[in-house]
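Work through the exercises below with the structure open. Try each task before you read its solution.

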Amino acid sequence: MKVKYVKIENFRNLESCQINLSPGINILLGENAQGKSNFLEAIEFLATAKTMRANHDSELIKWKEKKASVEICLIANNNEDILKIELKQTGESQNQSKGRLQKTIKINDVVQPSARALMGRLIPVSFTSYDMNLLRGGPKYRRDWLDMILLKVSPGFFEIESNYEKVVSQRNRLLKTLFERGRVSVADQDELVVWDKQLCLLAGKIIKKRIQLIDQLLPIAKNYQNKLSNESEELSVNYLFKMRESKDLSGQSDDTDNLDSEISLSTKDKFSKEELLLLDEIEIAKSMFKLLKDYRFEEIRRKQSLIGPHRDDIVFYLNDAEAATFGSQGQQRSIVLALKLAELEYLTDKFGESPVLLLDDVLAELDTKRQKLLIESVNTDKQTIITTTHLSHFSDDYLSQAHLLNVNKGQIKRTKEEMATTS
Ligand SMILES: Nc1ncnc2c1ncn2[C@@H]1O[C@H](COP(=O)(O)OP(=O)(O)OP(=O)(O)O)[C@@H](O)[C@H]1O
Ligand SMILES: [Mg+2]
């Protein structure tokens, strides 16, 4: 698939423009803080209507402006479609993040009932320094990584995820009310059970989908990890269905490990992969339902839902040692690269078309061996958009095939005549 052009208005620091892209290699060249990553983020936004960088969509609107939009022309499956997201601040608040935000999705100029219409159309795979958070960051980075892939391959996941988020927030509201009231009646218990059931059924679906995805990504990632480590390092993964930051409820000890109910994806651990994959979403939901009963009063005391996929984590191991804790910097970089290359290979297989590659200043961070593996893996017929501060990372041969764009203070300009038209 290819992005033919990108049209931007008031997205982050970018000036309004329409940029035509080459179906091959595109290089965005610019100094720090000029808008290179913002341009890639704008493209990624059209894949899932979310971005990994923004906590709230209002952050995407240019400061002091009230609205923003991104539009792309996408060529995929021999079709040409115009995908567009418009953001409009409607609240009176001076503080952008506190105002109300209207988000409109358009496909070929037709307003869509929800962002779901975008799912499974544009499939980008990005490589950024931000990816190191997959190992070094908090659990949210790892959950978001899996969920972003699931949104792309499984359009129904959008509803499951958004319903789950709604149930969590409504359930949290009820927990808060019960806490403030200071007592829990039988009717309250019944109401909580209704929410619990909804929560667990959706949680079972999310966890099951995540586990299936890990199971598909892991063999591919293992293969890359083998290549990068000369066959000496075995990558494995655990999915932790986890209670975090919690005290022992009996008050006897402070051992948080006791509270972790662990679902393992490693053949070396308690469950075999086969056993795990046989565990269906209802069984997962049931085990969570039991756990919720045990944590009823702790959840009320904390006024929040403490168990479920919004709290889970994924842990990576190299030769059975936890990679985030024991891995060297180089090993951690290799794992991240192996995981991202696995994502790329998986999505390419799944769609029978190559995703659009967004490489955000990553070559500079990789040593020659990893650079080589990355370039070999992407250097086929894939459309690639690379940002960089220097052209010195690229060979003359690579540069001769590339279309160059200059990014300066939010302005993107062609450096070759055929590359761009600025509106
Ligand atoms: N909503 C916004 N409105 C205006 N400017 C913004 C907004 N959000 C971010 N910026 C600014 O955009 C600028 C460019 O950010 P970007 O991450 O694209 O830089 P970059 O060119 O990728 O730089 P680097 O090479 O350091 O990664 C930053 O200075 C940032 O403060
Ligand atoms: Mg950047």
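**Exercise 1. Does length fit residue count?**
This is a predicted model. Work out what span the 43 residues of helix α5 (residues 186-228) should have, and compare it with the distance between the end C-alpha atoms.

Solution.
- Step 1. Take 1.5 Å times one less than the number of residues.
- Step 2. For the 43 residues of α5, that gives 63 Å.
- Step 3. The end C-alpha atoms of α5 lie 59 Å apart, which agrees with the expected span.
- Step 4. Now follow the axis. α5 bends by about 30 degrees at L218. A proline, P219, follows within four residues.
- Step 5. Look just past the helix. N230, just after α5, has a positive phi of about 50 degrees.

**Exercise 2. Trace a sheet.**
Give the strand order of the open sheet formed by six strands. Then find which strands stand at the edges.

Solution.
- Step 1. The order reads β2-β1-β4-β5-β6-β7, with antiparallel pairing.
- Step 2. β2 (17-20) and β7 (110-111) each have a single partner strand, so one side of each has no neighbour in the sheet. These two are the edges.
- Step 3. Go inside the sheet. Strand β4 (residues 67-76) pairs with strand β5 (residues 79-89) over 10 bridges, in the antiparallel sense.
- Step 4. Check the register: V70 faces I85 in β5.

**Exercise 3. Examine a covered strand.**
Decide how many residues of strand β8 (residues 124-128) are buried, and find which way they point.

Solution.
- Step 1. Count neighbours. A residue is buried if 20 or more other C-beta atoms lie within 10 Å of its own.
- Step 2. Five of the five residues of β8 pass, so the strand is mostly covered by this cut-off.
- Step 3. Sort by direction. P124, S126 and T128 point one way; V125 and F127 point the other way. Both groups are buried.
- Step 4. Find the partner. β8 pairs with strand β13 (residues 356-360) in the parallel sense, over five bridges. F127 stands opposite L359 in β13.
- Step 5. Set β8 against the chain: 38% of the 423 residues count as buried.

**Exercise 4. Describe the ligand shell.**
Name the residues that come nearest to ligand 1, and classify its shell.

Solution.
- Step 1. There are 16 residues around ligand 1.
- Step 2. N13, N32, K36, S37 and N38 come nearest.
- Step 3. By class, the shell holds three nonpolar, eight polar and five charged residues.

Conventions:
Residues are numbered from 1 along each chain as its sequence is written. Chains are lettered from A and ligands numbered from 1 in the order in which they are written. This is a predicted model: local features need pLDDT of at least 70, side-chain atom pairs count only at pLDDT 80 or more; totals for chains, interfaces and linings use all residues. A residue is buried if 20 or more other C-beta atoms lie within 10 Å of its own, exposed if 12 or fewer, and partly exposed in between; C-beta atoms are placed from the backbone. Two strands pair if DSSP finds at least two bridges between them. A residue is near a molecule or strand if its C-beta atom, placed from the backbone, lies within 6 Å of it. Ala, Val, Leu, Ile, Met, Phe, Trp, Tyr, Cys and Pro count as nonpolar, Asp, Glu, Lys and Arg as charged, and the others, Gly among them, as polar. The bend at a residue is the angle between axes fitted to the seven residues ending there and the seven starting there.
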